[in-house]
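Student: I have a chain on my screen and would like to learn how to read it. Can we go through it together, one feature at a time?

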Amino acid sequence: MRGVGGKRSTLAVSHRGLRLVSAVVPVAAVLALVTPVSAAPLAGARYSGVSFRSDFGKLVVGFTPTTDRRSFEPPGAIDWQGAQVVASRSLPCVCRQEWQFLGLSGTRVTSSGFTVRRTGGHGQKTLALRGRFVGRDRAIVRLELRSARRGGCVFRIRFVTRVTRRLEGSCTPRGTKTLARSATGRIFRQLDTDDLGGHTNHAYGCLLATHKRFFLSEDEEPDLWVAAAATAGSLAAIAQYNCPVDCGGAIDIVDLTDARTMRSDDVNPFCDQPTDEPPEVSALVMAPSGAYAYTADPRYGEATNPPSVKDVVKNAGGTTNLLDCGTAIAPHSLALADSTLTWSNGGETRTAPLE
């Protein structure tokens, strides 16, 4: 599911299971927040809908009516990037597969509707989205593409969109799996419906005090997944793996007050671990300061003979140090109490300070 410009995105037509769609047009428009009324956009929600044309096949529209882009698009997010039109073949009138239209210029939102206008090709091509909200969970959207070339071309299509994702007040939505939880925050996995009607697991982080979640990562093996997570204070830590193209692991530290990534540290092999693939993190703990520790195993979840070499690693102040390694380390034994780490190696409990 690798998106435009090398980023992985639900807006890309290479999404798993979607290669047979004859024409796909996802649109993501970032709109301004308005005063809530009975027929106004629901802030922090994703609207999407599907329509069909015999000559163009399946088309999809999606947009997010909020100025708080970090709710869906935190810095470095790999999902819902920007605003764009994408098709599996040339768009009607546009004669290319993709049209990006970033920014709020040309966007207007009222109490019950919105318009988005963009031009391209030195003013020869135009795109217009017009919509009205019907209650708080639906919108009627009309997409229009025009070209002044070759005698003129006009393409119009209508969508009925519904809320497919909500963010606000969603630290503990139903049907989610907890990846990590503390007294202040929660990291969880949720199966989302994408604009094209498919389903993808995503990892979210949320501060319990604010009831506002942020997108952290896609969580679908074997391409991109979260192997372990931890949270403390206002911070979240996820051990994220991206394979097979750039198969590598990293620990990302994210501030859940604004979804800002504080730093990202590679998960590297130590001791006699193989260097052709990253060891997979099996347990991850962290302190409110952002210091963390993990255990990792290059053959995690696999029975090997001889047993694989595991390691225990800590990172405090951005400096990584190996604490222990061996074949008898218990993968899930790592724990943090106050500032002391404990783990098991061959049935023996070992300790070390985290900071």
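Tutor: Sure, and keep in mind that this is a predicted model. Let's start with a pair of strands: β19 and β20 (residues 310–316) run antiparallel and are joined by 5 bridges. Across that pairing, Tyr-294 sits opposite Val-313 of β20.

Student: What holds paired strands together in general?

Tutor: Strands of a sheet pair through backbone hydrogen bonds, and the pairing can be parallel or antiparallel. Here β19 also has β18 as a partner, again antiparallel, with 6 bridges. On that side, Tyr-294 is the bridge partner of Leu-284.

Student: Which residue takes a positive phi in the hairpin of β18 and β19?

Tutor: Gly-290, with a phi near 105°; the hairpin has 5 residues between its strands.

Student: How many residues of β19 are buried?

Tutor: 6 of the 6 residues in β19 (292–297) are buried. Look at the two directions: Tyr-292, Tyr-294 and Ala-296 point one way, Ala-293, Thr-295 and Asp-297 point the other, and all are buried.

Student: What does the chain look like overall? How many helices and strands are there?

Tutor: It has 0 helices and 24 strands. Of its 355 residues, 52% are buried. If you take contacts between residues at least 6 apart in sequence, 47% of them join residues at least 24 apart. The accessible surface comes to about 15600 Å², with 48% of that belonging to carbon and sulfur atoms.

Student: Can you show me a sheet from edge to edge?

Tutor: Try the open sheet of 3 strands, in the order β22-β23-β24, with antiparallel pairing. Its edge strands are β22 (335–337) and β24 (348–353), each of which pairs on one side only. From one strand to the next, the twist averages 30°. β23 (residues 340–345) is joined to β24 by 6 bridges, and one bridge pair there is Ser-344 with Thr-349 of β24.

Student: Now the inside. Which residues touch the most other members of the largest nonpolar core?

Tutor: Leu-129, Val-141 and Leu-145, in a core of 22 residues. At least two residues of this core come from each of β2 (57–63), β6 (113–120), β7 (125–134), β8 (138–147) and β9 (153–166). Val-141 is a good one to click on: beyond its neighbours within four places in sequence, its contacts include Val-61, Phe-63, Phe-114, Leu-129 and Ile-157. Apart from this core lies another one, of 19 residues, and among them are Leu-235, Val-281, Met-286 and Ala-296.

Student: I see several cysteines. How should I read those?

Tutor: A disulfide is a covalent bond between the sulfur atoms of two cysteines. In this chain the count is 3. Take Cys-93 and Cys-153, with sulfur atoms 2.0 Å apart. The link is left-handed, with -75° about the S-S bond. Cys-93 is in the loop between β3 (84–86) and β4 (98–100) and Cys-153 is in β9, so the pair ties together parts 60 residues apart in sequence.

Student: Is Cys-93 buried or exposed?

Tutor: Cys-93 is buried, because its relative accessible area is 8%, under the 20% cut-off. Cys-153, at 28%, counts as partly exposed.

Student: And the other disulfides?

Tutor: Cys-171 and Cys-206 form one, their sulfur atoms 1.9 Å apart. Its angle about the S-S bond is -65°, which is left-handed too. Cys-171 lies in the loop between β9 and β10 (177–181) and Cys-206 in β12 (residues 199–207), 35 residues apart. Both are buried: Cys-171 has 2% relative accessibility and Cys-206 has 0%.

Student: Where does Cys-325 come in?

Tutor: A disulfide joins it to Cys-271, with S to S at 2.1 Å. This left-handed link has -105° about the S-S bond. Cys-271 is in the loop between β17 and β18, Cys-325 is in β21 (residues 319–326), and the two are 54 residues apart. Cys-271 is partly exposed at 37%, as is Cys-325 at 30%. Cys-95, though, is in no disulfide: the nearest cysteine sulfur, that of Cys-153, is 7.2 Å away. Cys-95 is exposed, at 53%.

Student: Where is Asp-276?

Tutor: Asp-276 lies in the loop between β17 (260–266) and β18 (280–286). Asp-276 counts as exposed because its relative accessibility is 64%.

Note on methods
Residues numbered from 1 in each chain as written. Predicted model: local features only at pLDDT ≥ 70, side-chain atom pairs only at ≥ 80, totals over all residues. Heavy atoms only, no water. Helix = DSSP H or I, 4+ residues; strand = E, 2+ residues; numbered from the N terminus. Buried < 20%, exposed > 50% of the residue type's maximum accessible area, 1.4 Å probe, protein only. Contact = heavy atoms within 4.5 Å. Areas by Shrake-Rupley, 256 points an atom, 1.4 Å probe, with all protein chains shown as cover. Pairing = 2+ DSSP bridges. Axes fitted to C-alpha atoms, helices over the stretch in contact; angles between N-to-C directions. Core = buried A, V, L, I, M, F, W, Y, C linked by side-chain atoms within 4.5 Å. Disulfide = S-S within 2.5 Å.
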